[in-house]
Amino acid sequence: MLRQAKLDRVIKWGIKWSMWPVHLVTSCCGVEVAHTSAPVFDAERWGVLPFNTMRQTNVVLVEGTITRKMAKVLKWVYEQMPEPKFVIAMGACAVRGGLFWNSYHVVQVDTVVPVDAYIPGCPPTPEAVIRAFFMVGNKILGKPGPEVKPVKVDLTPYLPQPKPAAKPAAKPAAPAKPAAAPVAPQTA
């Protein structure tokens with residue numbers, strides 16, 4: 001029993017320090033992730049190594065807007081990842097739709113896959129990206145950590161209401177015109 005408990009701690013420690021995100025870049029947030037991995041912030045020292053295939057990663061980092069068409073790809077990527085798997089929704093568009101929240105084609109990430117950490121902002125800072133990975137790391141170790149969850153706000157009362165379609169009014173009958181006098185032909 002003691003060996004299993006110690007082994008479990010070692011496994012969780014290894015998972016926490018080897019979060020390799022596969023990037024689902026659909027919008028401008030990808031630039032911030034590139035900045036996070038650049039020498040100034042160097043996310044690799046925290047165990048965050050950008051990866052390019054979903055079959056060897058355990059984190060999917062959704063960077064930006066998810067449309068209905070991309071939602072299928074997100075679900076497909078999530079299903080191919082090995083266990084344990086984690087999802088981070090990055091940016092206002094991924095969290096709640098951002099600028100496109102009232103659009104017909106935008107889907108919120110948490111309606112497609114379960115989200116473990118949210119990174120609000122447009123664009124989010126590299127520090128916020130690193131903090132989200134720390135939040136996922138705390139979740140792996142079972143420690144309570146800072147939770148950032150978006151609040152759903154109903155904005156429909158503030159939207160302009162569509163005007164009902166006006167029925168065309170029945171045209172009144174045109175008054176009868178007096179008959180014109182016949183014109184006599186001119187002779188030369």
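**Exercise 1. Place Phe134 in the predicted model, and state whether the residue is buried or exposed, or in between.**

Step 1. Phe134 belongs to helix α5, where helices are DSSP runs of H or I with at least four residues and strands are runs of E with at least two, numbered from the N terminus.

Step 2. The relative accessibility of Phe134 is 33%, so the residue counts as partly exposed; buried means under 20% relative accessible area, exposed means over 50%, and partly exposed lies in between, with a 1.4 Å probe and protein chains only.

Step 3. Together with Trp13, Trp17 and Trp46, Phe134 forms a nonpolar surface patch of about 420 Å² accessible area. Such patches consist of residues with over 30% relative accessible area and no salt bridge, like charges being joined within 9 Å and nonpolar side chains (Val, Leu, Ile, Met, Phe, Trp, Tyr) within 5 Å. A salt bridge here is a side-chain nitrogen of Lys or Arg within 4 Å of a carboxyl oxygen of Asp or Glu, and accessible areas come from the Shrake-Rupley method with a 1.4 Å probe, only the protein chains shown counting as cover for residues.

Residues are numbered from 1 along each chain as its sequence is written. Because the model is predicted, local features need pLDDT of at least 70 and side-chain atom pairs count only at pLDDT 80 or more, while totals for chains, interfaces and linings use all residues, and side-chain values use heavy atoms, without hydrogens and water.

**Exercise 2. Work out in which order the strands of the open sheet stand, and which of them are at the edges.**

Step 1. The order is β1-β2-β4-β6, with parallel pairing; two strands pair if DSSP finds at least two bridges between them.

Step 2. β1 (21-25) and β6 (117-119) each have a single partner strand, so one side of each is left without a neighbour in the sheet.

Step 3. For β2 (residues 59-63) and β4 (residues 86-90), the parallel pairing runs over five bridges, with Val59 partnered by Phe86 and Val60 by Val87.

**Exercise 3. Determine how β2 is covered on its two faces.**

Step 1. In a regular strand the side chains alternate between the two faces of the sheet.

Step 2. In β2, Val59, Leu61 and Glu63 lie on one side, Val60 and Val62 on the other, and all are buried.
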